[in-house]
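Dear colleague,

I am handing over the structure below for your examination. My findings follow it, and I would be grateful if you would read them with the coordinates open.

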Protein chains: 2
Amino acid sequence: MQSFKNVELIKKANVYFGGNVTSRSFVDENGESKSLGIMLVGEYKFGTNAAELMEIIDGEVEVRLDGSQEWKTYGANSSFSVPANSSFDIKVKTITDYCCSYIK
Amino acid sequence: MQSFKNVELIKKANVYFGGNVTSRSFVDENGESKSLGIMLVGEYKFGTNAAELMEIIDGEVEVRLDGSQEWKTYGANSSFSVPANSSFDIKVKTITDYCCSYIK
């Protein structure tokens, strides 16, 4: 089973949208900040500070980046990038397990 | 912020009860298996293989161990133990962030 080794894992969860989206923050062995999270079915808007690489581990989402008219679909083992200081809308079609990397 | 250092964090989430309970498994620096999880409001029954120490990081639950008639309430920074090869019923009153340690 795939894993991240030698990480520092923050104990307290991040809770968004009343618990419909939750995540666990950690710092990987290269010093990169990441989070592993779960999104339940629903529609959400997220803002970014750092740029983000969002990897869908399992599930299905439709994503529209800020400034775009287009919804794009992402499933298991696909990913999308979001610029810094931006936002995206996401429609979660089935419960989605994701890994977010914050890009310096 | 409290954290676990030098852990191996499993990438894929554990999903129970349609996503109402989800957790992330990891192995701490002493080789102990643990998970950090979220339980949404609801009532659940869990079985154990190994004995478990359940620490409530945040939230509120009522717990009845197998063989007991009594419901006990646990809130933030409290914990309860469950024997191996047993089960417990849990009523989650508010979204609950927990850490489960599997005792060898």
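In strand S7 of chain B, Gly75(B) stands opposite Glu60(B). Please bear in mind throughout that this is a predicted model. The two strands concerned, S6(B) (residues 51-65) and S7(B) (residues 72-75), run antiparallel and are joined by four bridges. They form a hairpin with six residues between them, and Gly67(B) in the turn has a positive phi of about 90°.

Strand S6(B) has further partners. With S8(B), which covers residues 78-82, it is joined by five bridges, again in the antiparallel sense. Within that pairing, Ser81(B) of S8(B) is opposite Leu53(B). With S9(B), strand S6(B) pairs over 13 bridges, also antiparallel. Here Met54(B) has Cys100(B) of S9(B) as its bridge partner.

One residue of S9(B) may be followed in detail. Thr94(B) belongs to this strand, which spans residues 87-103 of chain B. Is Thr94(B) buried or exposed? Neither term applies, because its relative accessibility of 37% makes Thr94(B) partly exposed. Once neighbours within four places in sequence are set aside, the contacts of Thr94(B) are Met39(B), Val41(B), Gly59(B) and Glu60(B). With Glu60(B) there is a polar approach as well: the side chain of Thr94(B) comes to 3.2 Å from the backbone nitrogen of Glu60(B). Thus Glu60(B) stands opposite Gly75(B) in S7(B) and is also reached by the side chain of Thr94(B). As for Ser81(B), its C-alpha is 20 Å from that of Thr94(B), with a sequence separation of 13 residues.

Two backbone angles in chain B deserve a check. Most residues other than glycine have a negative phi. Asn6(B), however, has a positive phi near 55°. This residue lies in strand S1 of chain B, and it counts as partly exposed because its relative accessible area is 45%. The second case is Phe17(B), where phi is positive and near 50°. Phe17(B) sits in the loop that links strand S2 (14-16) to strand S3 (21-27) of chain B. Its relative accessible area is 40%, so Phe17(B) is likewise partly exposed.

I turn now to the interface of the two chains. The size of an interface is often given as the accessible area lost when the parts come together. For chain A and chain B, the buried area is about 2700 Å², and carbon and sulfur atoms account for 62% of this. Of the area that chain A buries against chain B, 28% comes from Leu9(A), Lys11(A) and Arg24(A), more than from any other three residues. The contact involves 30 residues from chain A and 30 residues from chain B.

How many salt bridges are there between chain A and chain B? The count is six. In one salt bridge, the side chain of Lys12(B) meets that of Asp58(A), with an N to O distance of 3.3 Å. Polar contacts across the interface of chain A and chain B amount to 19 residue pairs, both residues being at pLDDT 80 or more.

On the side of chain A that touches chain B, at least two residues each are supplied by strands S1 (3-10), S3 (21-27), S4 (33-39), S6 (51-65) and S9 (87-103) of chain A. Strand S1(A) gives the most, with eight residues. By class, the residues on this side of chain A comprise 15 nonpolar, seven polar and eight charged.

Strand pairing also crosses between the chains. S1(A) pairs with S1(B) (residues 3-10) over five bridges in the antiparallel sense. Leu9(A) has Phe4(B) of S1(B) as its bridge partner. Leu9(A) is therefore a residue to inspect on two counts, since it is also one of the three that supply 28% of the area chain A buries against chain B.

Finally, a residue in chain A. Ser23(A) lies in strand S3 of that chain. With a relative accessibility of 3%, Ser23(A) counts as buried, because the limit for that class is under 20%. Apart from residues up to four places away in sequence, Ser23(A) touches Ala13(A), Asn14(A), Tyr16(A), Ser35(A), Leu36(A), Gly37(A) and Tyr98(A).

With kind regards

Terms used
Residues numbered from 1 in each chain as written. Chains lettered and ligands numbered in written order. Predicted model: local features only at pLDDT ≥ 70, side-chain atom pairs only at ≥ 80, totals over all residues. Heavy atoms only, no water. Contact = heavy atoms within 4.5 Å. Buried area = accessible area lost by both parts, 1.4 Å probe. Salt bridge = Lys/Arg side-chain N within 4 Å of Asp/Glu carboxyl O. Polar contact = N/O pair within 3.5 Å; in protein donor to acceptor, adjacent residues only side chain to side chain. Nonpolar A, V, L, I, M, F, W, Y, C, P; charged D, E, K, R; others polar. Pairing = 2+ DSSP bridges. Buried < 20%, exposed > 50% of the residue type's maximum accessible area, 1.4 Å probe, protein only.
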